[in-house]
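Biologist: I'd love to go through this model with you and ask how each label was earned. Could you put it up on the screen?

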Amino acid sequence: MAGMNKVFNNTLASLRALFPSKCLNCGMAGGYAGLCAECHGLVRMPGPNLCALCARPLDFTYEIDTGAEYFCGECRLDPPPFDAAMYALPYDDPIRKVIHAFKFSYSPYLAHPLAEMGNERLAPWLARRRGAVILPVPLHWRRLYWRGYNHAYLLASRLGRQAGLKVEEGVLRRTRNTDTQYGLTKKQRGENVKAAFAVKAPQMVAGRDIVLFDDIITTGATARECCKELWKAKPNSVTVAMLCKAGE
Ligand SMILES: [Zn+2]
Ligand SMILES: [Zn+2]
């Protein structure tokens, strides 16, 4: 059995190379990076007015250049366990279809175009955190084995390179193979990931600026749980970067 998933995954990759790529959104031939030019044009960017803590779009506008920071109502009532957050793309079609293929149908090559799309918003934000280390949200070893790659790491390594930040795998570990968060309520998501992470190399975290990275954040349950663990290792700051934010 050992290595069977790799053989299967390699076969899938070869099959895909034999057939011309189709747009993952509309099925038209000639798609680059999973999307045709037309569907690529449908990708939305987040608005300019975001909560300085959780990056949720604010329902009021303000003058961006004043340097003042604004927070959403939820963060004022219940601040999250991180210092700031930023995302690149709202999680809706056509991006949702590309991410789905990236994660669930062995398409590691999609990391490149997805990171390219994320760079516009994330690269300058990450570059301001000079000297910080990016920690991708880890997969449990069993899921990593079957999927063949950690999608968050593939994205983080590309975004980190662009911003000049180091990316470290293995500092944060998933100690429990949790159920998928799909289809769970906010409360269930929190319970599902409770005590599922551990900092395996606290010396890499102590006194440093940490950027936790994940591909999609829905309720933030996973990010909150990771951040709670990270703070125990006494970092200087913990911020959260995500490619996509759901529900925006
Ligand atoms: Zn298309
Ligand atoms: Zn907020």
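Modeller: Happily, and bear in mind that this is a predicted model. Helix α7 lies across β2 (133-136), β3, β6 and β7, and α7 runs at about 125° to β6.

Biologist: What makes α5 and α7 a packed pair, and why is α5 called oblique to α7?

Modeller: The axes of α5 (residues 111-127) and α7 (residues 151-163) come within 8 Å and cross at roughly 45°. An angle under 35 degrees would be roughly parallel, and 65 to 115 roughly perpendicular. The crossing fits neither range, so α5 is oblique to α7. The crossing is also right-handed.

Biologist: Which residues of α5 and α7 meet there?

Modeller: On the α5 side they include Ala111, Leu114, Gly118, Leu122 and Leu126, and on the α7 side they include Leu154, Leu155, Arg158 and Leu159. The residues of this contact divide into 11 nonpolar, 4 polar and 1 charged.

Biologist: Now the sheet. Why are β1 and β3 said to stand at the edges?

Modeller: The sheet is open, with 5 strands in the order β1-β7-β6-β2-β3 and parallel pairing. β1 and β3 (166-167) each have a single partner strand, so one side of each is left without a neighbour in the sheet.

Biologist: How do you know that β1 pairs with β7?

Modeller: Pairing takes at least two bridges, and 6 bridges join β1 to β7 (residues 237-245), the two running parallel. In that pair, tyrosine 87 stands opposite methionine 242, and alanine 84 has threonine 239 as its bridge partner.

Biologist: What does α5 touch in the sheet, and at what angle to β1?

Modeller: Helix α5 packs on the sheet, touching β1, β6 (209-217) and β7. Its direction makes about 155° with that of β1; angles over 145 count as roughly antiparallel.

Biologist: What makes you call β1 mostly covered?

Modeller: Of its 7 residues, 6 are buried.

Biologist: Take methionine 86 in β1. Why does methionine 86 count as buried?

Modeller: The cut-off is 20 or more other C-beta atoms within 10 Å. Methionine 86 has 21 such neighbours, so it counts as buried. Setting aside residues up to four places away in sequence, methionine 86 touches Ala55, Arg121, Leu122, Trp125 and Ala241.

Biologist: Ala55 is in that list. What is notable about the phi of alanine 55?

Modeller: Most residues other than glycine have a negative phi. Alanine 55 has a positive value, near 70°. Alanine 55 is found in the loop between α2 (37-40) and α3 (73-77), and with 23 C-beta neighbours inside 10 Å it counts as buried.

Biologist: Then why is tyrosine 106 called partly exposed?

Modeller: Buried begins at 20 and exposed means 12 or fewer. Tyrosine 106 has 19 other C-beta atoms within 10 Å, so it is partly exposed. Tyrosine 106 is found in the loop between α4 and α5, and its phi is also positive, about 35°.

Biologist: One last backbone label: which peptide bond is cis, and how do you know?

Modeller: The bond from aspartate 93 to proline 94 is cis, with omega near 5°. Most peptide bonds are trans. Proline 94 is in the loop between β1 (84-90) and α4 (95-104).

Notes: Residues are numbered from 1 along each chain as its sequence is written. Chains are lettered from A and ligands numbered from 1 in the order in which they are written. This is a predicted model: local features need pLDDT of at least 70, side-chain atom pairs count only at pLDDT 80 or more; totals for chains, interfaces and linings use all residues. Axes are lines fitted to C-alpha atoms, for helices over the stretch in contact, and angles run from 0 to 180 degrees between N-to-C directions. Helices (H or I, at least four residues) and strands (E, at least two) are DSSP runs, numbered from the N terminus. A crossing is left-handed if the near helix is turned anticlockwise from the far one by less than a right angle, and right-handed if clockwise. Two residues are in contact if their C-beta atoms, placed from the backbone, lie within 7 Å. Ala, Val, Leu, Ile, Met, Phe, Trp, Tyr, Cys and Pro count as nonpolar, Asp, Glu, Lys and Arg as charged, and the others, Gly among them, as polar.
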